[in-house]
Every structure is written in structure tokens, then in C-alpha cells.
Amino acid sequence: MAIFKALQTSENADSRFETRVVERTTDDLPTGDVLIRVSYSSLNYKDALSASGNRGVTRNFPHTPGIDAAGTVVESSVSELAKGDEVIVTGYDLGMNTAGGFGQYIRVPAAWVIKRPSGLSLRDAMVLGTAGLTAALCIDKLEQAGLEPGEAPVLVTGATGGVGSIAVALLASLGYNVAAVTGKADQADFLKGLGAKQIVKRSALQAGVEKPILKEQWAGAVDTVGGDILFNVVKALQRGGSVACCGLTAGTGFQANVLPFILRGVNLLGVDSVEIPLVVKASMWDKLSLQWKLPNLSDLVQEISLQDLPGAIDRMLAGQQVGRMLVRLD
């Protein structure tokens, strides 16, 4: 049994939620095939929701959030994973209803665990995390639907967020002409530094909701926000274009009509990075470590400690976070 530190969210008697660093033991962790000593995690919007008591993410409290974890196997009951292996865990139930990566140890099923690709360090893997995996899945799906680099811009909404910033950097590194959407005018230089050629005001994407179709602009798009912004993107896709949809910060619904689909043959592609087969996750991690490896990961990230997390969570919920937030657990 090991004693370790973890961020824990608890519900008080007055139904308010409090998040603080506590000491736990490995005996407190759930049953599972693999015990992992966590070196790094990352802060995602879903983690912030869990830490604020959102029962759509986490049902029971006290709870340790953290949907991402990278570390070293300490104990394993399966032959595929041995003590000392460096591994990555993202998604499935980690950090939702299973104690997550904001603790120095996790215990999980072997079916959630991927061995670290040789082209990425544990730290780099968590700079990417679920956000990087999601961005890669979006771009892979767009390319499967026919997207290729060219003169026409590819749009990324929510571009200063975790998924958005990595999508901008990945698309730019692959030779695409990237247009980045943001409501943060002061972050234009950050986005241009990632490779965006055009900065689009979020308000411009919110105009024309009442119109059934808009002027053709985008060869394709990665949408991280949802809501009416998503359908405005659909309405402005070029003929045969596609948008990969992976987020919902602007809402879960939009005012839809069939005209863009039947007049321009556009595609709305849903992207899930949580419950997909492990082999699909592994293939994306291989891409991110080899042909899609980003040279500018350091431009995307701020590194914090476990003790810094409560303040970072508050900033994320307030919409003040830019890029990726790496959490150091060592």
C-alpha cells in the first residue's frame, strides 16, 4: 500500500462542492488490472465540470477528476503490461466515475491502457492528452472524407482551447491554410504562432443564424463548440466539404435545415474520443508520435502542479484558459 496525493472534489452538507489536495492510499482505488504511478495529467473542460460537481460527468462524490494520465506501471495482472512500462490512459471512465489522473496513482482495466509510443515522452503525451487525440481524430476523419491541403481555408472554431489550439497547429503542420475562430482578440498572435493564416472573430460566425444557407467559404472545418455556430459553419462549407464536430460549449442544439446537405453535398462528421476501440486510439497516438509529431508543443502549454489545479479549474470555467494546461504529479 502506498500513500499519495490527489485532488479531491467533495460535496458539503449545504450541497456546495469543494476541491482540495488530500492524501489517499492505493487501497482506496477501485479494482483493476493495472496500478500506474502517474507522472503527468492535463486539465480538460470535462475535468473542470467534474471538479465543479456536474453530475452529468460524475455521479458520486468525493471524487478525483482527470480524464488523462501518463505514467509508469507499478503492478499488473496481465502479461501485456509489465512493471516499469510507460503508458498512457485517456477517456473511457477515467476521471468521470473512476478515480482519475489528478491523483499520483490510478488503478484501471488493462483495456484502457496504451504503451507510450517511442516518439513521445510522457510529458509530451500529456501536452497532447485527450485534446490532441480528439484533434487528430477530427483531422483523420476529414481526410478520410476527402479533405486535402489547398488554397481554400480550413476553419477551426474555439481555436484558443485545448482541442482547437492543437487542431490549428496540426493542420498548419500538414500544409493546410488555417482560419482560426476566437472570441479572444488578444490571442491573435498566439494563434498565428501556431500556424493560423487568418483570424476570424467569433461574432462573425454567429451572424446569419436565420439564413438557410451562407456563402461558400471553408474547404473543411474542425468544430469544438457546437450550437448555432456549428450549423453556420455547415452552411458556409464549400461544395462537398466536411466539418468534424467534437464539442458542445456553445450548446447541444442548433437550428438546422437540409439545404446545405442537398444543394452542396456537405458532411457533418461526429467525432468521439472517449469510448472508441483502444486500437483506434493507439493508431492515432502512433501518428501523433511520428508523421504528425508537432515541433511546437512547447508553444501550446503551461505547466502547473497539483496544488495549482483549483485556481486553474476556476479560470477554465470562467473561459480564461488558452492552449493546454499540463499537470505535473511527480
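These are my notebook entries on cores, pockets, a cavity, cysteines and a few single residues in this structure.

**Entry 1: the model**

I am working from a predicted model, and I kept that in mind for every entry below.

**Entry 2: nonpolar cores**

I began with the nonpolar cores and found that the largest has 52 residues, with Leu170 and Trp285 making the most contacts inside it. Seeking the elements behind this core, I noted that α2 (122-144), β8 (154-156), α3 (162-173), β9 (178-182), α4 (188-194), β11 (218-223) and α8 (278-289) each supply at least two of its residues. The biggest contribution to this core comes from α2, which gives 13 residues. I also recorded another core that lies apart from it and has 30 residues, including Leu43, Val78, Leu309 and Val327. As background I wrote down that nonpolar side chains tend to be buried together in soluble globular proteins.

I then looked up leucine 170 on its own and, leaving out residues up to four places away in sequence, found that it touches Ala135, Ala136, Ile139, Leu288, Trp292 and Leu294.

**Entry 3: pockets**

For the largest pocket I read a volume of about 1200 Å³. Its lining is made up of 45 residues, of which Tyr45, Thr224, Gly247, Leu248 and Thr249 are the closest to the centre. When I sorted the lining of the largest pocket by element, α1 (45-51), α2, α3, β9, α5 (202-206) and α9 (309-317) each turned out to supply at least two residues. Sorted by class, the lining of the largest pocket holds 19 nonpolar, 21 polar and five charged residues.

The second largest pocket has a volume of about 180 Å³. I found 15 residues lining the second largest pocket, and Pro62, His63, Asn97, Thr98 and Ala99 are the closest to its centre. By class, the lining of this second largest pocket has five nonpolar, seven polar and three charged residues.

**Entry 4: the cavity and helix α6**

I searched for cavities of 30 Å³ or more and found one, and the volume of the largest cavity is about 30 Å³. The residues that line the largest cavity are Val209, Asp228, Phe231, Asn232, Lys235 and Gln255, and I counted them by class as two nonpolar, two polar and two charged.

I next turned to helix α6 (residues 227-235), which is largely enclosed by the rest of the structure because eight of its nine residues are buried. The buried residues of α6 are Gly227, Ile229, Leu230, Phe231, Asn232, Val233, Val234 and Lys235. Asking what covers the buried residues of α6, I listed β8, α5, β11, β12 (237-245), α7 (259-263) and β13 (267-270) among the elements that do so.

**Entry 5: cysteines**

I looked for disulfides, and the structure holds zero. Cysteine 138 is in no disulfide, since the nearest cysteine sulfur, that of cysteine 246, is 3.7 Å away, whereas the cut-off for a disulfide is a pair of sulfur atoms within 2.5 Å. I noted cysteine 138 as buried because its relative accessible area is 0%, and the limit for buried is under 20%.

Cysteine 245 is in no disulfide either, and its nearest cysteine sulfur, that of cysteine 246, is 6.7 Å away. At a relative accessible area of 21%, cysteine 245 is partly exposed.

**Entry 6: threonines 160 and 182**

I located threonine 160 in the loop between β8 and α3, and with a relative accessibility of 4% it counts as buried. Apart from neighbours within four places in sequence, threonine 160 is in contact with Ser165, Thr182, Lys184, Gln187, Phe190, Leu191, Gln321, Val322 and Gly323.

One of those contacts led me to threonine 182, which I found in strand β9 and which is buried at a relative accessible area of 8%. With neighbours within four places in sequence set aside, the contacts of threonine 182 are Thr160, Leu191, Ile199, Val200, Lys201 and Arg202. I also checked threonine 182 against leucine 297 and found them 115 residues apart in sequence and 20 Å apart in space, C-alpha to C-alpha.

**Entry 7: serine 39**

I closed with serine 39, which is found in strand β3 (residues 34-43) and is buried, its relative accessible area being 10%. Not counting residues up to four places away in sequence, serine 39 touches Ala70, Gly71, Leu122, Val327, Arg328, Leu329 and Asp330. Between serine 39 and glutamate 23 I read a separation of 16 residues in sequence and 17 Å in space, C-alpha to C-alpha.

Conventions: Residues numbered from 1 in each chain as written. Predicted model: local features only at pLDDT ≥ 70, side-chain atom pairs only at ≥ 80, totals over all residues. Heavy atoms only, no water. Buried < 20%, exposed > 50% of the residue type's maximum accessible area, 1.4 Å probe, protein only. Core = buried A, V, L, I, M, F, W, Y, C linked by side-chain atoms within 4.5 Å. Helix = DSSP H or I, 4+ residues; strand = E, 2+ residues; numbered from the N terminus. Contact = heavy atoms within 4.5 Å. 1 Å grid on protein atoms, 1.4 Å probe; cavity = no way out; pocket = protein on both sides within 12 Å on 5 of 7 lines; lining within 4 Å. Points joined across faces, edges and corners; volume = space filled by probe spheres on them. Nonpolar A, V, L, I, M, F, W, Y, C, P; charged D, E, K, R; others polar.
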